[in-house]
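Q: Please take a close look at one part of this model, a single side chain and its surroundings, and then set that part in the context of the whole fold.

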Amino acid sequence: MKDKLIIGRFLPLDTVIHRLDPRAKLIFVFLFIIIIFASHHPLSYLWLAIILLAITQLARIPLGFLFKGLLPVFFFLILTFIMHLFLTKGGTRLIEWGFITIDSNGIREGILIVLRLGFIMIVSTILTLTTSPLNLTDAFDRLFKPLKYVKIPVAALSMMMSIALRFIPTLMEELDKIILSQKSRGSDISSGSLTTRIKAFIPLLIPLFISAFQRAEELAIAMEVRGYDANAERTSYRVLKWQLKDTLLIVSLIPIAAVSLWLGQAF
C-alpha cells in the first residue's frame with residue numbers, strides 16, 4: 001500500500017522543476033489555485049489542464065504513476081459529483097423520478113467542482129513529488145517568518161508540517177504490517193462486498209492509531225530530551241537561493257491567468 005500512495009512522497013530526480021526554489025514553487029501553487037477558482041469555463045479548464053500536463057512532463061513524472069497514486073482521491077471526487085448531481089437545483093429539469101430530480105445546474109456545478117478539486121490535488125501532489133519535505137518546511141518557514149511579529153508560531157507550524165510529511169510513509173508501512181498480521185490470522189479485506197470490506201478495515205484502525213500515538217509520544221520525548229525549543233532562534237544548514245528562473249516561474253502566472261480569463265469571457 002505504501003508503494004501506491006504518493007501523497008507526501010518525494011521523487012529525487014534532477015529536473016528543472018526539482019531545481020526551482022521551494023519558495024517559488026509554494027507561491028506558484030498558491031496563486032495557481034486562485035486561478036483555478038477564478039476559472040468558470042470549460043475551455044479555461046482545458047487550458048489549465050495543458051499547463052499541468054506540461055509541468056508534469058518537465059518534472060518527468062509518469063502520468064500513470066500520478067493518477068494511480070491519486071486513485072483514492074478520485075473516489076472522493078466521484079462522491080462529490082454525485083452529491084452536486086442530486087442536491088444542486090436550477091436550470092433545466094432533466095430527470096424526475098419521484099423525489100429524485102436532476103437539473104442541468106447540478107451536472108454543471110458537479111463537473112466544475114470536480115475539476116477544481118482534481119486540479120488542486122494534482123498541482124499540490126506535483127509540489128510534494130518535486131520538493132523534499134525539508135525544503136518544503138524551510139520554504140514555509142521563510143515565507144511566513146514575518147508572522148512571528150503577530151505572535152503566530154511559524155517555527156512550530158513548520159516543524160509540525162515536516163513531521164506530518166515524514167509520518168505519512170511511516171504510517172503506511174505500519175498499516176502494511178498490520179494488514180499482513182490480520183491476513184495471517186485469517187482476516188481478508190480484499191474480497192467481499194463494499195460493506196464487508198469496510199467492516200474488515202475497522203479492526204485495522206485501532207492498532208494503527210495506537211501505533212501513531214506511541215510514535216508521537218516517543219518523538220516528543222526524544223525532542224524534549226534533546227532540549228528542542230520551537231521559539232529559539234536558529235540558523236539553517238540549507239541555504240535557499242532565489243534565481244532568475246524562480247522569478248520567471250512567478251511571472252509565467254500572468255499569461256496563464258490572462259489566457260484563462262480571456263477564454264472564459266470570449267466563448
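A: In this predicted model, L263 touches H41, L43, S44 and W47, leaving aside residues up to four places away in sequence. L263 itself lies in helix α10, and the C-alpha atoms of L263 and H41 are separated by 7.2 Å although these two residues stand 222 residues apart along the chain. With a relative accessible area of 12%, L263 falls under the 20% limit and is therefore buried.

The helix that carries L263, α10 (253-266), is one of those that supply at least two residues each to the largest nonpolar core, and the others are α1 (22-38), α2 (42-58), α4 (71-87), α5 (104-130) and α6 (133-143). That core has 37 residues, and those with the most contacts inside it are F28, F32, I36, L48, I61, L66 and I256. As a general background, nonpolar side chains in soluble globular proteins tend to be buried together. Among the core residues named, L66 touches I6, T56, I61, I122, T125 and L129, again without counting residues up to four places away in sequence. Apart from this largest core, a second, separate core of five residues includes L175, I179, L204 and L208.

Two of the contributing helices, α2 and α5, can be followed in detail, since their axes come within 11 Å and cross at roughly 20°. An angle under 35 degrees counts as roughly parallel, which means that α2 is roughly parallel to α5. The crossing of α2 and α5 is left-handed. On the α2 side the contact is made by Y45, L48, A49, L52, I55 and T56, and on the α5 side by L112, L115, R116, F119, I122, V123 and I126. Sorted by class, the contact of α2 with α5 has eleven nonpolar residues, one polar residue and one charged residue. L48, which takes part in this contact, is also listed among the residues with the most contacts inside the largest core.

Helix α5 also holds T130, which at 2% relative accessibility counts as buried. T130 touches F10, I17, H18, K25, A59 and I61, with residues up to four places away in sequence not counted.

K25 leads on to another helix pair, because K25 of α1 belongs to the contact between α1 and α9. The axes of α1 and helix α9 (residues 244-251) come within 9 Å and cross at roughly 0°, and α1 and α9 are therefore roughly parallel to each other. Their contact is made by A24, K25, I27 and F28 of α1 together with D246, L249 and I250 of α9. By class, the contact of α1 with α9 has five nonpolar, no polar and two charged residues.

For the chain as a whole, there are ten helices and two strands, and read along the sequence they follow the pattern α-α-α-α-β-β-α-α-α-α-α-α. Of the 267 residues of the protein chain, 33% count as buried, and L263 and T130 are both described as buried. Among contacts with a separation of 6 or more, residues 24 or more positions apart account for 72%; the pair of L263 and H41, with its 222 residues of separation along the chain, is in contact in this model.

Terms used: Residues numbered from 1 in each chain as written. Predicted model: local features only at pLDDT ≥ 70, side-chain atom pairs only at ≥ 80, totals over all residues. Heavy atoms only, no water. Core = buried A, V, L, I, M, F, W, Y, C linked by side-chain atoms within 4.5 Å. Buried < 20%, exposed > 50% of the residue type's maximum accessible area, 1.4 Å probe, protein only. Helix = DSSP H or I, 4+ residues; strand = E, 2+ residues; numbered from the N terminus. Contact = heavy atoms within 4.5 Å. Axes fitted to C-alpha atoms, helices over the stretch in contact; angles between N-to-C directions. Parallel < 35°, antiparallel > 145°, perpendicular 65-115°, else oblique. Left-handed = near helix turned anticlockwise from the far one by under 90°. Nonpolar A, V, L, I, M, F, W, Y, C, P; charged D, E, K, R; others polar.
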